Amino acid sequence: MSSPAVLTFRPPPHSPTCDEGASAIGAAIASLAGVRAAWQARHDEGRDVHSFPSRAAVERIVTLLAAVLYPRRLGLFRGPAAEIDGFVAAKLIAALADLEREIGSELGYWQPEARTSFDADQPAAIVRLFAATLGEVRRLVDTDVEAACRADPAARSVDEVLVCYPGAIASLHHRIAHQLDALGAPIVARIISELANERTGIDIHPGATIGAHFFIDHGTGVVIGETAVIGERVRLYQHVTLGARSAFGPVADGVTTRHARHPIVGDDVVIYAGATILGRVHIGDRATLGGNVWMLSDVAADAVVVQPEAIHLASSEARNALGRGEA
């Protein structure tokens with residue numbers, strides 16, 4: 001059996017000596033050590049960085065939970081109906097065991113900030129409470145899939161929506177993440193939301209509250225902030241932002257103050273592509289916001305807010321006049 005390969009630094013061909021290569025490595029190591037020390041001096045809070053939850057482990061958990069929620073469509077279960085509960089039980093046991101471990105890591109990471117030690121049973125308690133929400137999670141995702149089927153003429157089946165539509169994928173992740181965020185596992189929840197963002201380009205903070213029958217059409221570039229509240233039967237298109245207004249002037253170092261800073265969207269609202277809504281503004285029930293609008297103030301119920309229509313130049317003379325500044 002051959003011995004494993006050993007990676008070593010070799011200077012480039014033009015380098016006259018190995019000493020120069022070793023010197024370059026030493027200088028880089030010293031520079032990194034200095035930057036690391038400066039960072040630790042600014043941010044040393046005594047946290048155990050080794051206990052930060054594993055992104056890979058959380059991704060496996062989401063895959064298992066997707067199989068629990070939709071054993072045939074997402075779990076690929078192919079057995080008889082009489083065996084489906086056993087399949088779900090096996091996936092759920094595995095998911096919850098892994099989830100308890102990752103939540104335990106998260107609580108350990110935050111330990112220095114706690115006034116008292118966390119109870120040893122706290123990760124298990126969070127997991128038990130989370131398991132009790134799975135029926136509601138499935139119900140809400142079902143309503144989101146149905147909303148897509150109703151709103152999109154291109155949708156051929158609920159299975160197509162669930163498996164293929166970015167909005168449905170992001171919704172499933174968010175419904176899971178939102179429960180975990182509310183139960184006291186915000187880091188695990190945030191990892192779940194970022195997995196969805198990576199897959200779909202849809203960025204929904206786990207803290208956002210979203211009602212049933214939620215549909216994001218196309219979806220790329222949608223951003224929904226932490227304290228956003230969205231009613232029922234709301235439809236968003238790509239590149240919609242429900243964001244916060246930035247503070248004016250210098251901002252102090254450290255974690256910023258957390259407060260309600262994102263929009264509240266009523267029931268049956270439609271927001272078209274590229275619209276940006278910033279701050280704690282209220283969008284009334286049944287309102288429609290057209291593409292690329294910029295909103296910093298409340299919108300009344302049943303209102304329609306649109307950009308002025310673009311000028312249609314029907315002739316070359318009109319185009320030339322516009323170019324001369326005469327139109």
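This report describes two pockets and one helix pair in a predicted model.

Residues are numbered from 1 along each chain as its sequence is written. In this predicted model local features need pLDDT of at least 70 and side-chain atom pairs pLDDT 80 or more, while totals for chains, interfaces and linings use all residues, and side-chain values rest on heavy atoms, without hydrogens and water.

A pocket is an open set of points on a 1 Å grid over the protein atoms alone where a 1.4 Å probe fits, with protein on both sides within 12 Å along at least five of seven lines, and its lining residues have an atom within 4 Å of a point.

| Pocket | Volume | Residues closest to the centre |
|---|---|---|
| Largest | About 510 Å³ | Pro186, Arg190, His205, Glu226, Arg258 |
| Second largest | About 310 Å³ | Val62, Ala66, Ile169, His173, Arg199 |

The largest pocket is lined by 21 residues, and helix H8 (186-200) gives the most to this lining, with four residues. The second largest pocket has 14 lining residues, with at least two supplied by each of helix H2 (55-69), helix H6 (158-164), helix H7 (166-183) and H8; helices here are DSSP runs (H or I, at least four residues) numbered from the N terminus.

H7 and H8 also pack against each other, at an angle of about 175° and with their axes 8 Å apart, and they are therefore roughly antiparallel (an angle over 145 degrees). Among the residues in contact (heavy atoms within 4.5 Å) are Ile169 and His173 of H7 and Pro186 and Arg199 of H8.

Technical notes
Grid points are joined across faces, edges and corners, and a volume is the space filled by probe spheres set on the points. Axes are lines fitted to C-alpha atoms, for helices over the stretch in contact, and angles run from 0 to 180 degrees between N-to-C directions. Angles under 35 degrees count as roughly parallel, over 145 as roughly antiparallel, 65 to 115 as roughly perpendicular and the rest as oblique.
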